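Hi,

Here is the structure I said I would pass on. Have a look at it first, and my notes on what turned up are below.

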Amino acid sequence: MAAAGPAEPEPGPAGSLRRCLGRLGALRARPDCGRRTELHLLFDQLISESCGPEPAAAPGPQDVCAVLVQACQLVPLDQEHLVSKVCQLIHHLLNRYQVMVDEQSLNFLLSYCISALRQCSSWTHVEILQALAALVYNNGPKCQKYLPDLLGKAGLLLQFSDPAQPDVELRRAAVRSMANLCLSVPAQPYLDECYRSVCFQTFLSVLQSSKTSDVDDITFCMLLQSALKGVQSLLNGGKMKLMQTDQIGALLAVLKKCMFHGLPGLSIEVPTALYPAPLPQYDKRSPVKQEQSEPATSKQTGSRRKKCKGKQKKGECGEEGREDSGDAGNESVLGAEMLKLHLEDVQGSPCGDARAGASDVCAGKDPLGWKRISSSESEYSDAEGGIQSKVRSYQANVRQGALACFLSTIKSIEKRVLYGYWSAFVPDAPGIGSPQSVSLMTIALKDPSPKTRACALQVLSAFLEGSKQFLSVAEDANDHKRAFTPFSVTIASSIRELHRCLLLALVAESSSQTLTQIVKCLANLVSNAPYSRLKPGLLTRVWNQIKPYISHKDVNVRVSSLTLLGAIVSVQAPLPEVQLLLQQPNSSGLSSSGSATPGRFSSCEQWRKALPWAGESPLESPAGCAPPEPCWLLRLCVSIIILPREDPCSDSDATFPSLSSVYEPCPLRLEALQV
């Protein structure tokens, strides 16, 4: 009987790693001079394979750890070229295959990297720190005994991340390693307070630093991103609570600076720290009963609305609100022009005068010579060139990282403390002749990246959430001759400006994801604003602007639009303004927009006529008298819940169960039930 032949080598990266492991074991018997060349070739092969196309099946963690440990055992620290290559191998393999290193291998590899940082020349330190960052990622609780070496008084990471460090690449690699150490692992011990404080101060100093002429834009962006991720890791999960005023003010100042990093056409100077405004005690008075004049019901003409909506394609009317150059004053002027086209004039707005070129803006003409910027995720045109496009992309990532970090910061600060910084991040109506202050709405209106705009709106929503008590002091001024502006009038002005800016963003937005965030932000604002203390008209403008979006092609926009209508109906102390809006006929706004689909409402009318309402008999109505019409919003919600869809295939979200091919998607029907 013939002897069995040798086993076929296993294909793929797993087999390659096992073959390399065998070759590494065989090299142990060779003298140092003989195995150095072989190690160079072997490491080059492994690094090349780890940078190639995605494999069908990744190797097991045990194989990866075994190869890395064997490789480090064969490379003495005096052979610096091999040390550099083995550290590159650690970085590439762990990141490529997302390997969680076992504790025994982790201890050996960390000790090796720390010894290498102390003994090897400075030119190898970037690769060693990259390997260190990959090793400590999600392994912070297992690295406790190495923290004194890394984060102690003379810790290696503190030395390399020092602001005086001339090598920015080295500083960035050290900050990234520190940020990875700060990642929390559920049900595992976290960093001690002393180490958290050291890391926070390091990240803060990085974010406060300015780019020098010898540092390229992309490297500086990556340095800022690492520091922002580190701060976010410290704040997430309530691991670090911000209590001291100077600490909060310094962090909010650098976040505001990074929120606008590289934003086209905008350059701002932010102080090293923001200071909270002294807030008066919340007013416990009962709301003042103001005379409720009947709101003006100036209707938009269908032709103007259709004209604008018909041209609201990517890069056209929907993106005219994003400038690449120009100052904040120009934004305020164009904002008033677009708002005049879509809304009735806001009383008291400093930019309320209409310009003759307003319709030209919506029609696709460019009266102010603004550059158009596409809002696709690529975000930048090919004409800018490869390197410029890459720089813009990295700058957008910094802005998104700053906004994500700001969101974590809001959750780590008490609301009563946070609202002391309201004026630094929430827009207020500018004084006559003064420019518009930069705020979160500046990003929502001007940033070319739809993802960044959505992040800014998420932060604004978090700011508004739970603000009812703070905003309850707002009250419109009746006497304009006072020597000073009361706090209540300032907050009322801010609420009005928020309405104006959000409605402007609504008509300018073309991204469905960002549009959903705008509507959610409006719903949060409506739920917390004290409309009984403000002059009527704000809710009417919101109502008229949101009605066409009930029929938007994106299901998430439709759901959030219903949420907003529900918030308006739920406003405290039923206002005459809301009662008038509910009594409006069905045709007032739903069929006047190009984005609405009248089929839904015609079906609703047929269904309403065919089925009597509860307690009503078709024979009960006197001759010649029509039965009383139920509220149009109620009819709409009932039709969404029980009627089949008119266009089963038009929905942008096709991931719902099979029932969605007949009826509206479940989230929309659920929201209609809640309304």
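**Aromatic pairs and what surrounds them**

There are nine aromatic pairs in the structure, which, please keep in mind, is a predicted model. One of the nine is formed by F406 and F463, which sit edge-to-face with 6.1 Å from centre to centre and 75° between the planes. F406 belongs to helix α16 (residues 386-411) and F463 to helix α20 (residues 450-464), so this pair ties together parts that are 57 residues apart in sequence. Both rings belong to buried residues; for F463 the relative accessible area is 0%, so it counts as buried.

F463 also pairs with Y419. Here the ring centres are 6.3 Å apart and the planes are at 50°; angles from 30 to 60 degrees count as tilted, so that is what this pair is called. Y419 comes from the loop between α17 (415-418) and α18 (422-425) while F463 is in helix α20, so the pair ties together parts that are 44 residues apart in sequence. Y419 is buried as well, because its relative accessibility is 2% and the cut-off for buried is under 20%.

If you want to select the whole group in your viewer, one aromatic cluster is made up of F406, Y419, W422, F425, F463, F470 and F487. There is a charge to look at here too: K256 lies over the face of F425, 5.8 Å from the ring centre.

**A helix pair**

Next, go to helix α23 (residues 512-528) and helix α25 (residues 555-569). They pack with their axes 9 Å apart, at an angle of about 10°. That makes α23 roughly parallel to α25, because the angle is under 35 degrees. By class, the contact between α23 and α25 has nine nonpolar, seven polar and one charged residues. On the α23 side the residues in contact include L515, V519, L522 and V526, and on the α25 side they include V557, L564 and I568. K520 is also among the α23 residues that meet α25.

S511 is worth a click while you are there. It lies in the loop between α22 (487-508) and α23, and it is buried, with a relative accessible area of 15%. Leaving aside residues up to four places away in sequence, S511 touches P450 and R453. The C-alpha atoms of S511 and K451 are separated by 9.0 Å, although the two residues are 60 apart along the chain.

**Two backbone angles to check**

Most residues other than glycine have a negative phi. Which residues go the other way? Q98 has a positive phi of about 50° although it is not a glycine, and N138 has a positive phi near 60°. Q98 lies in the loop between α4 (80-97) and α5 (103-119), and with a relative accessible area of 61% it is exposed. N138 lies in the loop between α6 (125-136) and α7 (147-151), and it is partly exposed, at 29%.

**The whole chain**

For the overall picture, the protein has 29 helices and zero strands. Of its 675 residues, 52% count as buried. Among contacts between residues at least 6 apart in sequence, 76% join residues at least 24 apart.

Cheers

Key. Residues numbered from 1 in each chain as written. Predicted model: local features only at pLDDT ≥ 70, side-chain atom pairs only at ≥ 80, totals over all residues. Heavy atoms only, no water. Axes fitted to C-alpha atoms, helices over the stretch in contact; angles between N-to-C directions. Helix = DSSP H or I, 4+ residues; strand = E, 2+ residues; numbered from the N terminus. Parallel < 35°, antiparallel > 145°, perpendicular 65-115°, else oblique. Contact = heavy atoms within 4.5 Å. Nonpolar A, V, L, I, M, F, W, Y, C, P; charged D, E, K, R; others polar. Phe/Tyr/Trp six-rings, centres within 6.5 Å; stacked < 30°, edge-to-face > 60°. Buried < 20%, exposed > 50% of the residue type's maximum accessible area, 1.4 Å probe, protein only. Lys NZ or Arg CZ within 6 Å of the ring centre and 35° of its normal.
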